[in-house]
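Here are my notes on this one, jotted down as numbered points. Have the structure open beside you while you read.

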Amino acid sequence: MSSSLSRRKLITTGLATAAGVSGLGVAAVLAQRYGLIPPDHGGIFGAGETLTYAAQRLLTSHHSLAREFNRSEISKVAFVNGKPPQNEEYQRHVAGGFADWRLTIEGLVAHPTSFSLADLKRFPSRSQITHQACEEGWSFIAEWIGVPLSTVLNFVGVSAQAKYVVYRSFDGFWWDSIDMPDAWHPQTFLAYGMNGGELSVDHGAPVRMKVARQLGYKSVKYISHLTVTDSMKNIGDGQGSPSPAAGYSWYAGI
Amino acid sequence: MDRLRTRRPTLDERAYRTGSLLSAASPCAKFPATAMAESAYLSGVAIQNSEVLDSQRHSVLVRVTHWIQTLSFIALVLSGIAILLAHPRLYWGETGAVGTPSLIDLPLPFVLDVPIRGPGRYLHFLSAWVFVLTGLLYVLSGFFTRHFQKNLVPSKTDFGWKPILRVVSNHARLKRPSEEESRSYNVLQRLTYLSVIFLLSPLIIITGLAMSPAVTSVFPVIVNVFGGQQSARTIHFFVSVALVLFLLVHIAMVCLAGFKNRMRAMITGRNAAGKEPS
């Protein structure tokens, strides 16, 4: 009895191992094919990040909307984190009402374009009342007014090879990137207004990215540069943003 | 295959009776005394009925998942503390920040810009995956093998006042479990383990996911049911405190019940050693 048991055990273990290994191989190929591997998939935490990103991408459709709130739920205190760019050029833009400010879009687009703030405001504007939740733990609800990134992407014409949109702040210090599902998402805004008024300097004037389905640090302020790309390999350290090097995941959906 | 289930005094019971344990300052400090008593006992009596000692206490799957859960839980607690220290204030409702009223200001410093905080988040989600996947394996196999029905669901007779009071009084008097008792769980253990597995663990996972703007875009109910994202964060904190308290009591009980035997049961699967190591 014990020998048949052990033979059965051996066969089952062998089959399970073979199934496991080939399953992992198939999973890796499919994950690559369907864009389920984040740029920060390497290193000791990479497995966890890949699982989180893949699971959330499989779970969320392109149309699942971050929760929206009533006007009465807008927070009275909108906490301000970080400081505006300290250079003189930014101060000149503030003094001049951002009249000379430009947002450039380049990379895998049919028509690389440079938009003024007035150009952006000529697109149909949209608004959303959503959370701004920091990974530190604090949060507030605000109304964000702007043009959906998808509108601008459609205007410039995005290549079918596009995988990421990279966005840089005015001083070049902050930059980040999102995948195309979030870039095309209806709640991803180039936001120029907040709570019924203009976006204040503290909150990222003249334009900040608003990525409603991710945590606050993806919503970079003072945006002046967009690049559409098919790979993060040659951008920064290749991990999608400076966040992973500092210990914060590139994908911040949780 | 035949396992005799004769009653014999446990090593700890004997040590307890001789009073060698009572002098110990902490529960775990009795360990050397137990070991001494054990070797004296084994050299004399144990060999003749070694089969008695050879009983299976925990299945391989229970043991492996137990220790993986232990490691992932410790990683979750440490990384959770690192995350909490960025903002050790708790709120109720949807939002909260410095400058708005808090529910509780934890007596902890705000620790920002330390290298541990970022990797703390990476570690938290990696170990959360290990915790969830191992937990799922344990729960599914527990249903499949009827582990819960056989070992954890209290029997009807357990629910009388008398058996419950007896267990409570045994605990209050720090009375050690007999060999027979240590083969299964008493009613308090059963209820505690069941609430950790089927109440606290699901709650800590759901309140964690309730803080995810992406997950709640698909399942808004998991955050709305708690009354908001900050409420979910607050509940996540208190459930983790409850789980840490469980861990501390669990370790204390293992020490009181006989650290070496209980550890041996969870590592080797055997309730007591059949033979001397040498």
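1. Start with Asp176(A), which has a relative accessible area of 1% and so counts as buried, since the cut-off for buried is under 20%. Its salt-bridge partner is Lys218(A), and the closest N and O atoms of the two are 2.5 Å apart. Lys218(A) is buried too, with a relative accessible area of 0%. Keep in mind throughout that this is a predicted model.

2. Where do Asp176(A) and Lys218(A) lie in chain A? Asp176(A) is in strand β6, while Lys218(A) is in the loop between β9 (208-211) and β10 (223-229), so the pair ties together parts that are 42 residues apart in sequence.

3. Next, have a look at Arg57(A) and Asp179(A), whose side chains meet in a salt bridge at 2.6 Å, N to O. Arg57(A) belongs to helix α2 (residues 46-59) and Asp179(A) to strand β6 (residues 175-179), so this bridge ties together parts of chain A that are 122 residues apart in sequence. Both Arg57(A) and Asp179(A) are buried.

4. A third pair in chain A is Lys121(A) with Glu198(A), a salt bridge whose closest N and O atoms are 3.0 Å apart. Distant parts of the chain are linked here: Lys121(A) sits in helix α4 (residues 117-122) and Glu198(A) in strand β8 (residues 197-198), 77 residues apart. Buried or exposed, what about Glu198(A)? Its relative accessibility is 55%, so Glu198(A) counts as exposed. Lys121(A), at 34%, is partly exposed.

5. Which residues are joined by salt bridges that share partners? Arg57(A), Asp179(A), Asp182(A) and Arg213(A) form one such network. Over all chains, the structure holds nine salt bridges. As background, side chains of opposite charge can pair when their charged atoms come close.

6. Now for chain A as a whole. It has seven helices and 10 strands, and its C-alpha trace spans about 85 × 40 × 30 Å along the principal axes. Of its 254 residues, 51% are buried. Among its contacts with a separation of 6 or more, 66% are between residues 24 or more positions apart. The accessible surface is about 12000 Å², and 59% of that belongs to carbon and sulfur atoms. As for charges, chain A has 22 positive and 20 negative ones, and their mean positions are 10 Å apart.

7. Chain B has 10 helices and two strands. Reading from the N terminus, the order is α-α-α-β-β-α-α-α-α-α-α-α. Buried residues make up 43% of its 278 residues. Of the contacts between residues at least 6 apart in sequence, 70% join residues at least 24 apart. Chain B exposes about 14800 Å², with 71% supplied by carbon and sulfur atoms.

8. What makes up the nonpolar surface patch of about 360 Å²? Leu51(A) from one chain and Leu133(B), Leu136(B) and Leu140(B) from the other. Helix α4(B) gives the most to the patch, with three residues. Leu133(B), found in that helix, has a relative accessible area of 43% and is therefore partly exposed.

9. One last residue to find is Ala128(B), also placed in helix α4 (residues 117-144) of chain B. With a relative accessibility of 23%, Ala128(B) counts as partly exposed. Its C-alpha atom is separated by 7.1 Å from that of Ser72(B), although the two are 56 residues apart along the chain.

How values were computed:
Residues numbered from 1 in each chain as written. Chains lettered and ligands numbered in written order. Predicted model: local features only at pLDDT ≥ 70, side-chain atom pairs only at ≥ 80, totals over all residues. Heavy atoms only, no water. Helix = DSSP H or I, 4+ residues; strand = E, 2+ residues; numbered from the N terminus. Buried < 20%, exposed > 50% of the residue type's maximum accessible area, 1.4 Å probe, protein only. Contact = heavy atoms within 4.5 Å. Areas by Shrake-Rupley, 256 points an atom, 1.4 Å probe, with all protein chains shown as cover. Lys, Arg positive; Asp, Glu negative; His and termini not counted. Charge placed at Lys NZ, Arg CZ, Asp CG, Glu CD. Patch = residues over 30% accessible without salt bridge, like charges linked within 9 Å, V, L, I, M, F, W, Y side chains within 5 Å. Salt bridge = Lys/Arg side-chain N within 4 Å of Asp/Glu carboxyl O.
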